[in-house]
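Q: Got a minute to go through this model with me? I'd like to start with how the helices pack.

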Amino acid sequence: SREYFTVAILAQAESRHPYRAHFPIAPESFQLGNMVKYSREATNGSKSCKAMGVDLRVHYKNTYETARAIKGMALRTAQAYLEDVCEKKRCVPFRKYTGCIGRTPQAKEFKMSQGRWPVKSAKILLGLLRNAESNAEFKNLDTENLTITHIQVSMAQQGRRRTFRAHGRVNAYMNCPCHVEMLLEEKEEAVDKPSEEVKAKKFTKKQLAKRRLKVGGDQ
């Protein structure tokens with residue numbers, strides 16, 4: 001339970017840092033619902049669903065390019081595309097982070113030349129799409145009509161490690177995790193515009209005189 005979890009953390013803090021044990025830890029600090037915030041909200045909340053992943057152990061740059069490739073796709077189209085990326089049938093075009101990225105003919109599909117197959121990023125995004133789909137089913141939305149209108153990948157706090165080099169030197173050995181958030185919305189049905197009555201054009205006296213000259217010539 002939450003109370004047992006709080007007592008366990010207090011005991012651990014007291015064993016490691018006796019001078020910090022008198023600071024209380026509020027149980028509300030463990031409620032993640034108050035901390036979740038999206039950078040963008042849907043125009044119609046009842047016709048949309050969300051999904052978010054925090055501190056994902058996957059490279060930021062690869063995930064950024066993969067998310068950029070599926071933005072604007074339908075849910076089923078994005079899932080099929082990511083599965084093809086995992087099987088290396090289609091590639092992810094690299095548009096922003098292009099340093100030392102090899103070229104592949106599969107990138108011609110996106111009018112690019114550089115591309116890769118970030119399988120781990122594709123699997124992470126597939127899991128988030130699955131989560132968003134289940135959220136949509138819970139809200140009784142049509143999952144066949146969902147489109148990824150917003151997806152954002154942000155850099156998370158780097159994990160700190162060290163690697164030992166020659167001559168007693170020590171260098172940083174850090175990873176680059178990321179946060180991912182996405183927003184899916186139902187497509188609005190197209191409504192035909194009602195036909196408007198054609199209004200008669202009005203001409204000035206000068207325009208009418210010019211039109212008479214064009215019709216009658218010099219007469």
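A: Sure. One term before we start: axes are lines fitted to C-alpha atoms, for helices over the stretch in contact, and angles run from 0 to 180 degrees between N-to-C directions. Also, this is a predicted model.

Q: Good. At what angle do α2 and α4 pack, and how far apart are their axes?
A: The angle is about 55°. The axes of α2 (residues 60-70) and α4 lie 9 Å apart.

Q: What do you call that arrangement of α2 and α4?
A: Oblique. Angles under 35 degrees count as roughly parallel and 65 to 115 as roughly perpendicular, so about 55° falls in neither class.

Q: Left-handed or right-handed crossing for α2 and α4?
A: Right-handed.

Q: Which residues make the contact?
A: From α2, N62, T63, T66, A67 and I70. From α4, S121, A122 and L125.

Q: How do the residues of that contact divide by class?
A: The α2 contact with α4 has four nonpolar and four polar residues, and no charged ones.

Q: Staying on α2, how many of its residues are buried?
A: Eight of its eleven, so α2 is mostly covered. The buried ones are Y60, N62, T63, E65, T66, A67, A69 and I70.

Q: What covers them?
A: The cover includes helices α3 and α4. It also includes strands β2, β4 (146-155) and β7 (178-186).

Q: And what comes just after α2?
A: G72, with a positive phi of about 90°.

Q: Next pair. How do α3 and α4 pack?
A: Helix α3 (residues 75-86) and helix α4 (residues 119-138) pack at about 155°. Their axes are 9 Å apart. Over 145 degrees counts as roughly antiparallel, so α3 and α4 are roughly antiparallel to each other.

Q: Which hand is the crossing of α3 and α4?
A: Left-handed.

Q: Which residues of α3 and α4 make the contact?
A: On α3, L75, R76, A78, Q79, L82, E83, V85 and C86. On α4, V119, A122, K123, L125, L126, L129 and E133.

Q: And by class, what is in the contact of α3 with α4?
A: Ten nonpolar residues, one polar and four charged.

Q: Switching to the backbone. Which residue in strand β1 has a positive phi?
A: D55, at about 55°, although D55 is not a glycine. Most residues other than glycine have a negative phi. D55 sits in strand β1 (residues 48-56).

Q: Is D55 buried or exposed?
A: In between. D55 is partly exposed, with a relative accessible area of 45%.

Q: What about C100, what is its phi?
A: Near 60°, which is positive, and C100 is not a glycine either.

Q: Where is C100?
A: In the loop between β2 (92-93) and β3 (115-116). C100 counts as exposed, at 77% relative accessibility.

Q: Last topic, cysteines. How many disulfides does the structure hold?
A: Zero. Take C178: the nearest cysteine sulfur belongs to C176, 9.7 Å away. A disulfide needs the sulfur atoms within 2.5 Å, so C178 is in none.

Q: Is C178 buried or exposed?
A: Buried, at 0% relative accessibility.

Q: And how buried or exposed is C49?
A: C49 is buried too, with a relative accessible area of 3%. The cut-off is under 20%, so C49 qualifies.

Key: Residues are numbered from 1 along each chain as its sequence is written. This is a predicted model: local features need pLDDT of at least 70, side-chain atom pairs count only at pLDDT 80 or more; totals for chains, interfaces and linings use all residues. Side-chain values use heavy atoms; hydrogens and water are left out. Buried means under 20% relative accessible area, exposed over 50%, partly exposed in between (1.4 Å probe, protein chains only). Helices (H or I, at least four residues) and strands (E, at least two) are DSSP runs, numbered from the N terminus. A crossing is left-handed if the near helix is turned anticlockwise from the far one by less than a right angle, and right-handed if clockwise. Contact means heavy atoms within 4.5 Å. Ala, Val, Leu, Ile, Met, Phe, Trp, Tyr, Cys and Pro count as nonpolar, Asp, Glu, Lys and Arg as charged, and the others, Gly among them, as polar.
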